[in-house]
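Here is a short tutorial on reading backbone angles and sheet pairing. Keep the structure open as you go.

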Amino acid sequence: MRPTRATVLLTAGLVTLLGVPGASAAETPASLYVSNLPDAHCSDAGSGTQIAPFCTISAAAKVVRPGQTVRIKPGKTYDEAVTIDRSGEPGRPIAFVAEPGTGLGESLVQLNYGRLLTVNGASHVVLRGLFAQGGVQISRSVDVELDRSRVMRGRLDSVLVTDGSADVRITRSRLTGARIEGGSQRTVLGRNMIGGGARPAVAAVDAPGTVITNNSLYGGCGGSLSLGGGSTGSALFNNLLHSEYNGTCADGSNGIAVSASAVSGTRADYNLTTDLPTHPVTPYRWSGTAYKDPAAFAAATGQGAHDILTPSAENVGTMDGSPTIDSGDPTAPGVLPSDLEGDPTADDPRVPNTGRDGGYVDRGAQESQDGLSQVWMNLDQTHAPVGTTVQVQAVSDSRWPTAMSYRVDFGDGTAPVVTRQGNAAHGLAEHVYTSPCDCVVKVTAVNGAGQEVSTEQPAKVTAAGPLTADFTSKPVLPTADDPIGHIAPLTVHIGALDATAAPWPVESMEVDFGDGTSDARDHLLNLQHTYSTPGEYQVKLSLRDSKGARSSVTKTVRADYAPSGYVATEPFRLLDSRTTGRPLRSGAANPVALPVGNWLPGHAFSGGMAAAVLNVTVTGATEDTHLTVWPSGQPRPTTSNVNVRAGGTSSNTVTVPVGADRQMAVQLNAGQAELIVDFVGYYQPGIGQRFSPITPTRLADTRAAGGAVAGGQTRTVKVAGVGGIPADATAVALNLTSTGTTANTHVIAYPDPAKRPTTSNLNPEPGKDKSNQAIVPVGPNGTVTLYNNAGSIHLVLDAVGYYGKDGKALFTPAVPKRLADTRTTGKLAPGATTTVAGLPAGALGAVLNVTATETTAPGFLTVYGTTRTDASSLNTLPGLTVPNHVTTPVASGRVNVFNSWGGSNHVITDLLGYFTQG
């Protein structure tokens with residue numbers, strides 16, 4: 001092989017073949033824009049800017065100035081005949097180019113059928129990326145370039161150069177015939193694909209100095225290439241000539257035909273003609289004489305000494321074995337550095353270079369290419385300590401592997417290694433890293449034509465030393481209120497990947513989570529684990545690396561509920577066993593699962609909730625009993641949430657953490673009953689509102705104002721902007737008490753008076769004062785609405801706290817836990833107060849389930865932190881066990897329970913969660 005020969009161009013004007021030249025930025029006018037797309041907002045009366053383009057090419061052609069480029073938007077056919085009669089200047093042509101494409105293989109600007117593109121009396125013009133379906137005519141013009149375009153005009157010549165035009169260049173385009181005539185001089189056709197149909201592919205008549213180099217010509221009657229008249233001093237080199245003659249032409253078909261008047265100074269060599277049995281041709285007709293093959297032609301004329309005549313077209317082109325490959329004259333006039341497709345001139349190392357002086361260029365419009373498109377690499381050590389020798393091998397899909405080289409950048413700032421592997425399609429390089437890094441090794445394959453493809457692979461370089469297992473742990477918390485995604489409470493991240501010192505790859509990893517479960521993997525990675533109950537666990541990480549070294553570590557991991565904000569939702573009914581025909585039955589084998597963390601149609605709440613707030617009602621009990629609600633997957637606690645007498649109805653608000661399976665468990669202690677569960681809201685880390693507890697404050701008492709609420713009627717109560725609750729509070733925690741009830745009924749507390757839900761908050765009965773706590777979103781004008789279903793009733797409303805932007809505390813759910821039970825210490829006497837301890841020292845408030853039992857006379861209990869008011873937390877009745885959900889301020893980890901003067905009570909206090917400054 002010989003090195004690439006320098007390309008020799010025919011005239012100085014060819015310097016514009018590879019681009020649109022221009023002067024300095026200060027001298028170059030701004031581009032003009034043309035677009036007829038519907039959203040272009042174009043106008044031919046405008047200035048042709050990018051945001052207000054011309055609608056037609058003709059409008060731009062009328063105003064374009066030297067050095068300007070007209071950028072034409074493809075996409076919709078331009079139905080116009082275009083005439084270009086303005087000129088550029090030497091080195092500052094006027095250019096019409098497709099935008100953003102630049103020619104074949106990309107978007108072409110289409111001119112409609114029958115619409116001629118004319119360059120008339122102009123100079124220094126560039127046309128690129130056009131699809132001229134009505135043909136191109138260049139008349140009386142100088143220094144015109146038509147590049148990377150497609151021109152067709154039925155069976156006629158699609159490009160006509162005439163009327164004394166000079167230095168016209170037609171390059172890298174697809175044409176249906178070209179004709180040069182009328183004294184036009186120095187026309188160059190290079191790297192084109194031209195089909196002549198019933199006419200010669202290229203005909204030059206009275207066109208001296210015509211250069212036809214590296215074209216693929218498909219000739220019809222009259223031949224592939226014809227020079228006549230005074231077309232002297234022409235050059236015909238490196239062309240591929242195919243005949244499409246089908247036997248109907250009067251004079252047959254010629255490959256190259258040069259008349260006697262055009263022979264003077266005309267040269268021809270390195271052309272290839274196909275003479276097919278089905279399409280016979282006369283390969284040469286020179287000065288009126290026909291020659292049957294290159295040998296006879298060369299002997300008689302001294303031309304075509306390196307021509308080829310082949311009887312088949314099947315193996316002629318860019319395929320392997322084609323005689324066109326690397327057999328042309330790289331010094332021929334008009335040779336271009338890139339082909340019809342824009343690919344560079346390339347040397348096939350498998351083929352001897354038989355071009356002039358041992359050089360290479362393919363014959364015809366297309367250049368055979370390597371086909372390089374991908375490279376693969378193998379890094380023998382993707383994870384190794386400092387000082388290890390790392391080897392890289394690379395393989396490409398090159399068709400010409402002997403010309404391949406590989407550049408390996410090891411990613412640590414050292415100079416890339418360049419390697420060439422002779423006749424093998426792979427490269428090999430070695431490297432020793434001197435410091436730890438997370439490096440990226442990049443291999444770039446380069447072929448003989450300078451084409452490059454790359455691939456990358458990470459390389460972890462570690463510090464030398466022993467394998468040392470270690471991990472970090474932290475809670476995994478949800479980051480959004482995604483109804484589909486689920487991050488269960490008590491999920492812990494075990495970060496082994498970054499904490500472990502592993503000089504060599506870990507091939508075995510086992511984690512004992514300390515709760516009876518484990519996980520084994522074949523590599524080192526971080527894990528997530530969800531515990532079923534909060535607590536401390538001994539987690540053991542055991543590792544083995546690729547060298548057989550072993551290491552383990554045991555650490556204490558804490559799984560706990562995270563402080564959370566409250567999200568108030570529109571209340572909806574989650575379960576009503578009266579409609580399902582499946583009443584709740586007692587017994588350890590009969591817990592009911594409540595899917596509170598799953599997506600429900602029409603109720604898209606978060607799958608990352610930590611705790612749910614429910615209103616739970618038990619009715620139709622067959623015997624005195626109580627109900628317990630707790631996180632699914634955990635042992636049933638000894639606490640209770642709802643107490644009900646046989647045949648009675650009782651309800652209570654319940655705040656309980658969600659289990660790892662997004663559910664809560666519900667179990668009846670004895671007998672059978674119907675269960676009704678309403679969803680009120682939920683707590684979740686990272687979202688929702690903070691809570692501010694307040695000293696219980698009475699907001700409404702119908703005994704003092706307004707009178708009883710009749711059945712089917714509502715009462716609106718102002719709750720925000722009063723009683724220490726700010727006007728922008730989003731929800732309030734209220735203690736709702738009924739008295740003077742005349743019929744069995746239910747009461748609903750809700751925000752929007754126009755949207756009463758089908759849920760309930762309180763189930764009053766005649767002769768019984770009842771209480772229940774409700775968390776209610778604030779409605780219009782800072783109000784909530786109370787609805788009574790039947791009879792008449794008096795209602796008392798006490799606020800115990802609010803949720804809002806200025807809230808102070810976040811809620812930490814707790815597995816229900818008993819804090820105090822006076823049945824072990826003695827009854828709480830009338831007028832007496834008991835103190836309940838066991839709350840975190842930093843708690844600002846607590847959520848409790850408080851139950852009064854064995855009551856001797858009607859009365860009430862008030863739960864408070866420091867200051868007691870007249871507001872009640874629950875109402876007590878003789879012979880009844882009465883629970884209530886209580887939210888209260890906390891003082892120094894304690895709350896106080898005051899018993900009214902009615903009678904003595906046993907008081908049971910269960911913890912559901914607490915509020916801390918967040």
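**Backbone angles and a sheet**

A: Start with burial. Arg-148 counts as buried, because its relative accessibility is 12% and the cut-off for buried is under 20%. Bear in mind that this is a predicted model.

Q: Where is Arg-148 found?
A: Arg-148 sits in the loop between strand E10 (142-147) and strand E11 (150-151).

Q: What sign should I expect for phi in general?
A: Most residues other than glycine have a negative phi. Now look at Arg-148. Its phi is positive, near 50°, and the residue is not a glycine.

Q: What is the phi of His-124?
A: His-124 is not a glycine either, yet its phi is positive, about 55°.

Q: Which strand holds His-124?
A: His-124 belongs to strand E7 (residues 123-128).

Q: Is His-124 buried or exposed?
A: His-124 counts as buried, because its relative accessibility is 14% and buried means under 20%.

Q: Now the sheet. How do strands of a sheet pair?
A: Through backbone hydrogen bonds, either parallel or antiparallel. Here, 4 strands form an open sheet, in the order E63-E68-E65-E66. The pairing is antiparallel.

Q: Which are the edge strands?
A: Strand E63 (833-836) and strand E66 (874-876). Each of these pairs on one side only. From one strand to the next, the twist averages 25°.

Q: How many bridges join strand E65 to E66?
A: 3 bridges join strand E65 (residues 859-864) to E66, and the two run antiparallel. To see a bridge pair, find Phe-860: its bridge partner in E66 is Asn-875.

Key
Residues are numbered from 1 along each chain as its sequence is written. This is a predicted model: local features need pLDDT of at least 70, side-chain atom pairs count only at pLDDT 80 or more; totals for chains, interfaces and linings use all residues. Side-chain values use heavy atoms; hydrogens and water are left out. Two strands pair if DSSP finds at least two bridges between them. Axes are lines fitted to C-alpha atoms, for helices over the stretch in contact, and angles run from 0 to 180 degrees between N-to-C directions. Buried means under 20% relative accessible area, exposed over 50%, partly exposed in between (1.4 Å probe, protein chains only).
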